[in-house]
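Q: I've got this one open in front of me and want to talk it through. Start wherever you like.

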Amino acid sequence: EKRARARQVQAWLRSDLMPIREERPTEVVFAGEKKAPLSEAGNQAAEKLFALAQSLLVEGQQNLFGEWSIADTDLALMLNRLALHGDTVPERLADYAAFQWQRASVQRFIALSAKHPG
């Protein structure tokens, strides 16, 4: 059941938040690019992201389903598209994304991305 829920979250992140993906591409996360303020559609998508993420994250837990899953990294990436750009992200969600970003495998990927951009 948890695996199915993780897949559902990942599919939603990839399909329902296009304004964020378009206005805050991964270059914002991995290359520090700065973009224009979010459009109305971008703000609406961000609010939808925040609402769902807050409903999924149990207070006091650091992972979506009690233990780490790839869905945690996917959600952290989407949140970090905003947080690392300097957009306002609720503190609890920014803390969650920052925690997920410290995972050793994520840090290795970030280091590799820096060595081999694009």
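Q: OK, Phe109. What's its relative accessible area?
A: It's 47%, so Phe109 counts as partly exposed. The scale here: buried is under 20% relative accessible area, exposed is over 50%, and partly exposed is in between, using a 1.4 Å probe and protein chains only.

Q: And where do these numbers come from?
A: This is a predicted model, so local features need pLDDT of at least 70 and side-chain atom pairs count only at pLDDT 80 or more, while totals for chains, interfaces and linings use all residues. Residues are numbered from 1 along each chain as its sequence is written, and side-chain values use heavy atoms, leaving out hydrogens and water.

Q: Back to the rings. How many aromatic pairs are there in the whole structure?
A: Two. A pair means Phe, Tyr or Trp rings (the six-membered one for Trp) with centres within 6.5 Å; planes under 30 degrees apart are stacked, over 60 edge-to-face, and the rest tilted. Phe30 with Phe109 is edge-to-face, 5.7 Å between centres and 75° between planes.

Q: Which helices does that pair tie together?
A: Phe30 is in α3 and Phe109 in α7, so the pair links parts that are 79 residues apart in sequence. Helices here are DSSP runs of H or I, at least four residues, numbered from the N terminus. Phe30 is partly exposed too, at 32%. Along with Trp101, the two Phe residues form one aromatic cluster.

Q: Trp101 is in α6, right by that cluster. Which residues of α6 are buried?
A: In α6 (residues 91-101), the buried ones are Leu93, Tyr96, Ala97, Gln100 and Trp101. Looking down the helix axis, they fall within an arc of 135°, so they line one face. That arc is taken from the directions of the C-beta atoms as seen from the axis.

Q: Why would spaced-out positions end up on one side?
A: An α-helix has 3.6 residues a turn, so residues three or four places apart point the same way.

Q: What covers that face?
A: Among the elements over the buried residues of α6 are α3 (26-30), α4 (40-56), α5 and α7 (104-115).

Q: Switching to the core. How many residues are in the largest one?
A: 30, with Leu49, Leu64 and Leu79 having the most contacts inside it. A nonpolar core is a set of buried Ala, Val, Leu, Ile, Met, Phe, Trp, Tyr and Cys residues joined through side-chain atoms within 4.5 Å. α1 (2-15), α4, α5 and α6 each put in at least two residues, and α5 gives the most, with seven.

Q: Who does Leu49 touch?
A: Skipping residues up to four places away in sequence, its partners include Trp12, Leu13, Leu17 and Ile20, plus Leu75, Met78, Leu79 and Leu82. Contact means heavy atoms within 4.5 Å.

Q: There's an Asp in α5 too, Asp74. Is it buried or exposed?
A: Asp74 comes out at 16% relative accessibility, so it counts as buried. Its side chain makes a polar contact of 2.6 Å with the side chain of Gln10 and another of 3.0 Å with that of Arg14. A polar contact is a pair of N or O atoms within 3.5 Å; within protein, one must be able to donate a hydrogen and the other to accept it, and residues adjacent in sequence count only if both atoms are side-chain atoms.

Q: And Arg24, where does it sit?
A: In the loop between α2 (18-23) and α3. Arg24 is buried, at 0% relative accessible area. Its side chain pairs with the side chain of Asp87 in a polar contact of 2.7 Å, and among the other residues Arg24 touches are Pro37, Leu38 and His85.

Q: What about Arg92?
A: Arg92 lies in α6 and is partly exposed, at 28%. A polar contact of 3.4 Å joins its side chain to that of Glu59, and Arg92 also touches Gln54, Leu57 and Val58.

Q: Last Arg. Which ring does Arg103 sit over?
A: The ring of Trp68, with the charged end 3.8 Å from the ring centre. That counts when NZ of Lys or CZ of Arg is within 6 Å of the ring centre and within 35 degrees of the ring normal.
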